[in-house]
Amino acid sequence: MRKNVYITLIIILVVFLALMYFLFAKDNLNQERYSTTFLVGDQTVWNYSSRRWTSFTSYKTLNEINWKKFTVYEDNNKLGNFLAWKDDKWYFFTDNKEAVVTNGGKILAFNSNHNIDVLDFKEEQANTDSDQSVIDFVLKDHNLSTSSKLTVSTKINADLDNDQEEETIYCLSNAFATDYYPDSVFSFVVIKDEENIFYLYEAVDDNTGTNSCKPFIHHILDVNNDKDYEIIVSCGRYSIEEQLDMLFQRQVEESTNTASYKIVISNQ
Ligand SMILES: [Ca+2]
Ligand SMILES: [Ca+2]
Ligand SMILES: [Ca+2]
């Protein structure tokens, strides 16, 4: 009789632990073993492993990547799985070593031990009244005139955080103005949801003539499979200077339950 009670208790315990494992630990263990190398354009190589990010710059590391297989995207479109090889830029090849033709777009490639969802987004001009109210808010917030001329004012609508509602990402800048010379150069990347405006990238500087930086959304992807998209924001500079690439992740402060977007890795 007593033996049966013990056996029952042990079975209950085992079932309970198995349930806990599937509910909590499995996701954590999966996250722990995720390992990915990302190629962002020709200059940036990031590694994500055991929840840690590192940026690769040395030639030695780049050589280790050569002839590894990568899932390659160009401007949000999947080109396929190809062998990568770096010279002055990345080149991609089929298994038979036939060169893959790319169209000079934004290249994102990754070699990963898990699935990575890349969002197929559409970029539009930000020209509605509600877009203008966001633009005015951001300019005023930085003591800039709301009549400032913009060279970049684009938006992307997408449900970034899986709450079944679309957020809007705005890229705003007066970089590379050709027909006028503003006193200050500015670039902003912000996300507007139903209530808030979140700043990702914000830069305002005196105009020296060559210090503009043109922001754009490189790719949007879920690097850690938690249904919350990360955003690669890039900023293009005058020719000789390297493009700035930054990966932003939404983070929620548990004590106050407030969200913000933080840079988790950049190339500089
Ligand atoms: Ca959403
Ligand atoms: Ca939302
Ligand atoms: Ca994510």
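Here are some informal notes on this predicted model, going from the overall layout to the sheets and then to one lysine.

1. Overall layout. The protein has 268 residues, and 25% of them count as buried. Along the principal axes, its C-alpha atoms fill a box of roughly 90 × 50 × 30 Å. The secondary structure comes to 3 helices and 17 strands. As for contacts between residues at least 6 apart in sequence, 48% of them link residues at least 24 apart.

2. Domains. The assignment gives domain 1 as residues 1-32, domain 2 as 34-114 and domain 3 as 123-266. If you take centres over C-alpha atoms, domain 2 and domain 3 sit 25 Å apart.

3. Where domain 2 meets domain 3. Here 15 residues of domain 2 are in contact with 12 residues of domain 3. On the domain 2 side, strands S1 (35-40), S2 (44-49) and S3 (52-56) each put in at least two residues. S2 has the largest share of that side, with 3 residues. By residue class, the domain 2 side splits into 7 nonpolar, 7 polar and 1 charged.

4. The seven-stranded sheet. This one is open and antiparallel, and its strands run in the order S3-S2-S1-S7-S4-S5-S6. S3 and S6 (90-93) have a single partner strand each, so they are the edges, and one side of each has no neighbour in the sheet. On average, neighbouring strands are turned by 35 degrees against each other, ignoring direction.

5. A pairing to check inside that sheet. S4 (69-74) and S5 (residues 77-86) are joined by 6 bridges in the antiparallel sense. If you want a register marker, Thr 71 is opposite Asn 81 in S5.

6. The five-stranded sheet. The second open sheet is antiparallel too, with the order S8-S14-S15-S16-S17. Its edges are S8 (117-118) and S17 (258-266), each of which pairs on one side only.

7. Walking across the five-stranded sheet. Start at the S8 edge: 2 bridges tie S8 to S14 (residues 214-222), running antiparallel, and Asp 117 has Asp 222 of S14 as its bridge partner. Next, S14 pairs with S15 over 7 bridges, again antiparallel, and Lys 214 faces Gly 236 in S15. Moving on, S15 (residues 230-236) and S16 (residues 244-253) are antiparallel and share 5 bridges. In that pair, Ser 234 lies opposite Asp 245 in S16.

8. A look at Lys 68. Which loop holds Lys 68? The one between helix H2 (59-65) and strand S4 (69-74). Is Lys 68 buried or exposed? Lys 68 counts as exposed because 12 other C-beta atoms lie within 10 Å, and the cut-off for exposed is 12 or fewer. Setting aside neighbours within four places in sequence, Lys 68 is in contact with Ala 84 and Asn 111. Ile 156 is another matter: Lys 68 and Ile 156 are 88 residues apart in sequence and 33 Å apart in space, C-alpha to C-alpha.

9. To recap for anyone opening the model. Look for an open sheet of 7 strands, ending in S3 and S6, and an open sheet of 5 strands, ending in S8 and S17. Then turn to the contact between domain 2 and domain 3, where S1, S2 and S3 each supply at least two residues of the domain 2 side.

Key:
Residues are numbered from 1 along each chain as its sequence is written. Chains are lettered from A and ligands numbered from 1 in the order in which they are written. This is a predicted model: local features need pLDDT of at least 70, side-chain atom pairs count only at pLDDT 80 or more; totals for chains, interfaces and linings use all residues. Two strands pair if DSSP finds at least two bridges between them. Helices (H or I, at least four residues) and strands (E, at least two) are DSSP runs, numbered from the N terminus. Domain bounds come from an automatic or database domain assignment. Two residues are in contact if their C-beta atoms, placed from the backbone, lie within 7 Å. Ala, Val, Leu, Ile, Met, Phe, Trp, Tyr, Cys and Pro count as nonpolar, Asp, Glu, Lys and Arg as charged, and the others, Gly among them, as polar. A residue is buried if 20 or more other C-beta atoms lie within 10 Å of its own, exposed if 12 or fewer, and partly exposed in between; C-beta atoms are placed from the backbone. Axes are lines fitted to C-alpha atoms, for helices over the stretch in contact, and angles run from 0 to 180 degrees between N-to-C directions.
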